[in-house]
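User: I would like a close look at a single part of this protein, namely its main sheet and what packs around it. Please give one connected account.

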Amino acid sequence: MPDRILIYGATGYTGKLVARTAKQQGLRPILGGRSPAKLKSVAGQVAFEHRTVDLNDRAGLEKVLKEVDVVLHIAGPFSQTSRQMVDACIATGTHYLDITGEIDVFEACAARDAEAKQAGVMLMPGVGFDVVPSDCLAAHMKRRMPDASELTLAISGLGSMSRGTAKTGVESIRFGTRIRREGKILSSKAPLVREIDFGQGVKKSVAVGWGDVSTAYHSTGIPNITVYFEATAQLEQAANIGPFLRWLLSTGPAQRMLKKKIDQQPEGPDDAQRAEGYSILLGEAVNAAGDRVVSRLRTPEGYSLTALTSLEIVRRVMQGNAVPGYQTPSSVFGPDFITEFPGCELEDLNSA
């Protein structure tokens, strides 16, 4: 008998990695997806049961979900797939997890908090690299400075992206750089650039609309949040796109062209790249008096960490550690959750 777990979207880069990791850990999830041939191939490689169902087939999806207690939803872009899965999970009483990094998906799930509580369902989007490590770091900064009014998170060493991640980035072009100010999510009118020391000297960094602009607020209540990435030529170019070009690149034909180019790229980093890769995250909290605390977190490569964190959260949900309603990783598992994973090291610094 398989475990009462559904991994939906198992035929993509991250889905296949998570399925292989689940096999290594002794889990026996059911794999789900919409392509019969691809799904059969992936399931055969790990000897898991599989169910072919389209997200737009509401009756078929609910039938599959009635077989399981929790779904790990990996089929992005989640702006196009999350609502259907959340609808079905609430209808069937199935706990919902996903690996999104999309601000609007987080906010949409948060808006369904009361509905999920009534159904006894936990909605926890963002159980991968975005946003488990950064969310735990945000909660740690709040713990260090309970009266913080401003939170800065910065990330270095992201490495190469999967096709799915790249397509999500293309979809987000229309939003510009999103930040949180006085509790509200806004788009910055000008690029935000800052020098940040990730541990090897200061590096030019560019503000981005990372998922924590949403989740860190729900986890900490800190009203002003900005997220930076260590600058690359591509990031700087994206940050400096003018209004007209941003609009042009957001149109249907331009989006299709950009996504077609992405489909010609490698599926994602290979095993060697993942083994060698790592990320550094920096957290800075400031209060109204100008006092500041800084902490630094080192993690393994993002996709490898996603497989570990997502499956550990699946396991904990299966053990009964699910809180109905909208939740963030740190709100349920605490700020120190990330430090339980191999290669994750958290260090408190005195100043930036």
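Analyst:

**The open sheet and its surroundings**

In this predicted model, seven strands form an open sheet with parallel pairing, in the order β3-β2-β1-β4-β5-β6-β15. The edges are taken by β3 (50-52) and β15 (325-326); each has a single partner strand, so one side of each is left without a neighbour in the sheet. At one of these edges, β3 runs parallel to strand β2 (residues 30-33) and is joined to it by three bridges. One residue pair can be located exactly: G33 has T52 as its bridge partner in β3.

Helix α14 packs on this sheet and touches β1 (5-8), β4 (70-73), β5 (95-98) and β6 (122-124). The direction of α14 makes about 170° with that of β4.

The sheet can next be viewed through its nonpolar residues. In soluble globular proteins, nonpolar side chains tend to be buried together. The largest nonpolar core here has 86 residues, of which I7, L31, L65, L72, M85, L97 and I313 touch the most other members. Helix α14 supplies the largest share of this core, with seven residues. For L31, the contacts beyond its neighbours within four places in sequence are L6, I7, A10, A19, L39, V42, A43, V46, F48, E49, H50 and R51. A separate core of nine residues lies apart from the largest one and includes A154, F198, L282 and V294.

Aromatic contacts add to this picture, and the structure holds five aromatic pairs. In one of them, the ring centres of Y13 and Y303 are 5.3 Å apart and the planes stand at 90°, so the pair is edge-to-face. Y13 belongs to helix α1 (residues 13-24) and Y303 to helix α14 (residues 302-318), so the pair ties together parts that are 290 residues apart in sequence. Y13 and Y303 are both buried. Another pair is W210 and F229, whose ring centres lie 4.8 Å apart with planes at 75°, so this pair is edge-to-face as well. W210 is in the loop between β11 (202-208) and α9 (212-220), while F229 is in strand β12 (residues 224-230), so parts 19 residues apart in sequence are tied together. Both W210 and F229 are buried, and with F129 they form one aromatic cluster.

The loops that follow or precede strands of the sheet hold some backbone exceptions. Most residues other than glycine have a negative phi, and most peptide bonds are trans. G76 and P77 are joined by a cis peptide bond with omega of about -5°, and P77 is in the loop between β4 and α4 (78-92). A cis peptide bond also joins D130 and V131, with omega of about 20°; V131 is in the loop between β6 and α7 (132-144). A47, in the loop between α2 (36-46) and β3, has a positive phi near 60° although it is a residue other than glycine. With a relative accessible area of 61%, A47 is exposed.

Beyond these loops, a hairpin offers a further example of positive phi. Strand β8 (residues 178-181) and strand β9 (residues 184-187) pair in the antiparallel sense over four bridges, and R178 has S187 as its bridge partner in β9. Two residues lie between the strands of this hairpin, where E182 takes a positive phi near 50°. E182 is exposed, at 63% relative accessibility.

Notes. Residues numbered from 1 in each chain as written. Predicted model: local features only at pLDDT ≥ 70, side-chain atom pairs only at ≥ 80, totals over all residues. Heavy atoms only, no water. Pairing = 2+ DSSP bridges. Phe/Tyr/Trp six-rings, centres within 6.5 Å; stacked < 30°, edge-to-face > 60°. Buried < 20%, exposed > 50% of the residue type's maximum accessible area, 1.4 Å probe, protein only. Contact = heavy atoms within 4.5 Å. Axes fitted to C-alpha atoms, helices over the stretch in contact; angles between N-to-C directions. Core = buried A, V, L, I, M, F, W, Y, C linked by side-chain atoms within 4.5 Å.
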